[in-house]
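Me: I'd like to learn how to read side-chain features in a model like this one. Could you walk me through it?

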Amino acid sequence: MITITSTRAKELIKESKGKIFSTTFIKKDNTIRTLTSRTGKQYTPTGKKAPYKAEEFNMMPLYDMRKKAFRMLNFNTLLTLSINKTKYIIK
C-alpha cells in the first residue's frame, strides 16, 4: 500500500469523475466505517439549507452506493482509500 496525505486523497477523489471507490474512516461516535461511494451525483437539498459549508470543515459529500443516500466524508479522520485498483493509507 502507498502512503499519502489527506489532501492528496481529496485530489484523487475529485479526479475520479464518478468512478466508484472505497474509503475507511472514523465516524463521529469513534467507530470505524467503510464507505463505498462515488462523486458526480449532485446533492439537491430538500427542505432546510445546510447550516455549514462542508469544505470549511475538510469534508466532502459523497453518494453512498449501499445506502443509496448522501453521506459526509471527513478527511480529518480518513484512514484508507481504495481507488483505481490501488490502496492508499492516509497519514
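Me: Is tyrosine 52 buried, partly exposed or exposed, and why?

Reply: Happy to help! This is a predicted model, with residues numbered from 1 along each chain as its sequence is written; local features need pLDDT of at least 70 and side-chain atom pairs 80 or more, while totals for chains, interfaces and linings use all residues, and side-chain values use heavy atoms, without hydrogens or water. Buried means under 20% relative accessible area, exposed over 50%, and partly exposed in between (1.4 Å probe, protein chains only). Tyrosine 52 has 34% relative accessibility, so it counts as partly exposed.

Me: How many aromatic pairs are there?

Reply: Rings of Phe, Tyr and Trp (its six-membered ring) pair if their centres lie within 6.5 Å; planes under 30 degrees apart are stacked, over 60 edge-to-face, and the rest tilted. That rule gives 2 aromatic pairs. Tyrosine 52 and phenylalanine 57 are edge-to-face because their planes stand at 90 degrees, with centres 5.6 Å apart. Tyrosine 63 and phenylalanine 70 are also edge-to-face, at 5.2 Å and 70 degrees. Tyrosine 63 is buried because its relative accessibility is 12%, whereas phenylalanine 70, at 26%, is partly exposed.

Me: Which residues have the most contacts inside the largest nonpolar core?

Reply: A nonpolar core is a set of buried Ala, Val, Leu, Ile, Met, Phe, Trp, Tyr and Cys residues joined through side-chain atoms within 4.5 Å. The largest one has 16 residues, and Ile13, Leu62, Leu73, Leu78 and Leu81 have the most contacts inside it.
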